[in-house]
Amino acid sequence: MATLEECRAALDKLSDNLATAEGDVRSAAALDRSLSCRITDLDMTFVGRLKDGRIRVLDTVQGPPPEKAEIRLAMTGDDLVALVGGELNFAKAWGSGRVRLEASLRDLFRLRTLL
C-alpha cells in the first residue's frame with residue numbers, strides 16, 4: 001500500500017508533467033479550478049488547485065474533502081502512483097471504477113486530452 005508521502009510525491013510529479021506539457025495537454029491543464037484527490041485506502045484527501053498548468057496542494061485532510069471541489073478524483077494510493085508512473089491506463093481504470101473523476105461536463109471535455 002502506497003504511503004501518504006508516496007501519494008504526495010506522485011501528485012508533485014503529475015504537476016511537473018503538466019507544467020512541461022505542450023499542445024492540447026498544456027491547454028487542458030491551463031484550467032483554474034479547485035481540486036481534490038481522495039486516497040480511499042488511506043482515508044485522506046489532498047485539497048488544492050489546478051492553475052496555470054500546475055497542481056498546488058494546499059492542504060491534506062482526514063476523510064472526505066471539507067468542501068466540494070470543481071474537479072474531484074478518488075482512487076487508492078497504489079493506483080495514483082501507478083497512474084502517474086505510467087503503469088496504469090487512466091481510461092481503463094476510470095471505466096472499471098478503480099478511479100473516479102467528477103467534474104462539470106465542460107471540464108470533463110477539456111480534461112479528456114489529459115486522460
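Helix 1 passes helix 3 in a left-handed crossing, and this pair is a good place to start looking around the model, which is a predicted one. Two packed helices are described by the angle between their axes and the distance between the axes. Here helix 1 covers residues 4-20 and helix 3 covers residues 77-84, and they pack at an angle of about 30° with their axes 9 Å apart. Angles under 35 degrees count as roughly parallel, so helix 1 is described as roughly parallel to helix 3.

Now turn to the side of each helix that faces its partner. Helix 1 makes the contact through E6, C7, A10, L11, K13 and L14, while helix 3 brings G77, L80, V81 and V84. Sorted by character, the residues of this contact of helix 1 with helix 3 comprise seven nonpolar, two charged and one polar.

One of the helix 1 residues in that contact, C7, deserves a second look if you have cysteine chemistry in mind. Is C7 buried or exposed? With a relative accessible area of 0%, C7 is buried, because the cut-off for that label is under 20%. C37 counts as buried too, at 3% relative accessibility.

How many disulfides does a search of the whole structure find? The search comes back with zero. For C7, the nearest cysteine sulfur is that of C37, 7.6 Å away, and C7 is in no disulfide. Seen from the other end, C37 is likewise in no disulfide, and its nearest cysteine sulfur is that of C7, at 7.6 Å. A disulfide requires a pair of cysteine sulfur atoms within 2.5 Å, which is why C7 and C37 are not counted as one.

Methods:
Residues are numbered from 1 along each chain as its sequence is written. This is a predicted model: local features need pLDDT of at least 70, side-chain atom pairs count only at pLDDT 80 or more; totals for chains, interfaces and linings use all residues. Side-chain values use heavy atoms; hydrogens and water are left out. Buried means under 20% relative accessible area, exposed over 50%, partly exposed in between (1.4 Å probe, protein chains only). Axes are lines fitted to C-alpha atoms, for helices over the stretch in contact, and angles run from 0 to 180 degrees between N-to-C directions. Helices (H or I, at least four residues) and strands (E, at least two) are DSSP runs, numbered from the N terminus. Angles under 35 degrees count as roughly parallel, over 145 as roughly antiparallel, 65 to 115 as roughly perpendicular and the rest as oblique. A crossing is left-handed if the near helix is turned anticlockwise from the far one by less than a right angle, and right-handed if clockwise. Contact means heavy atoms within 4.5 Å. Ala, Val, Leu, Ile, Met, Phe, Trp, Tyr, Cys and Pro count as nonpolar, Asp, Glu, Lys and Arg as charged, and the others, Gly among them, as polar.
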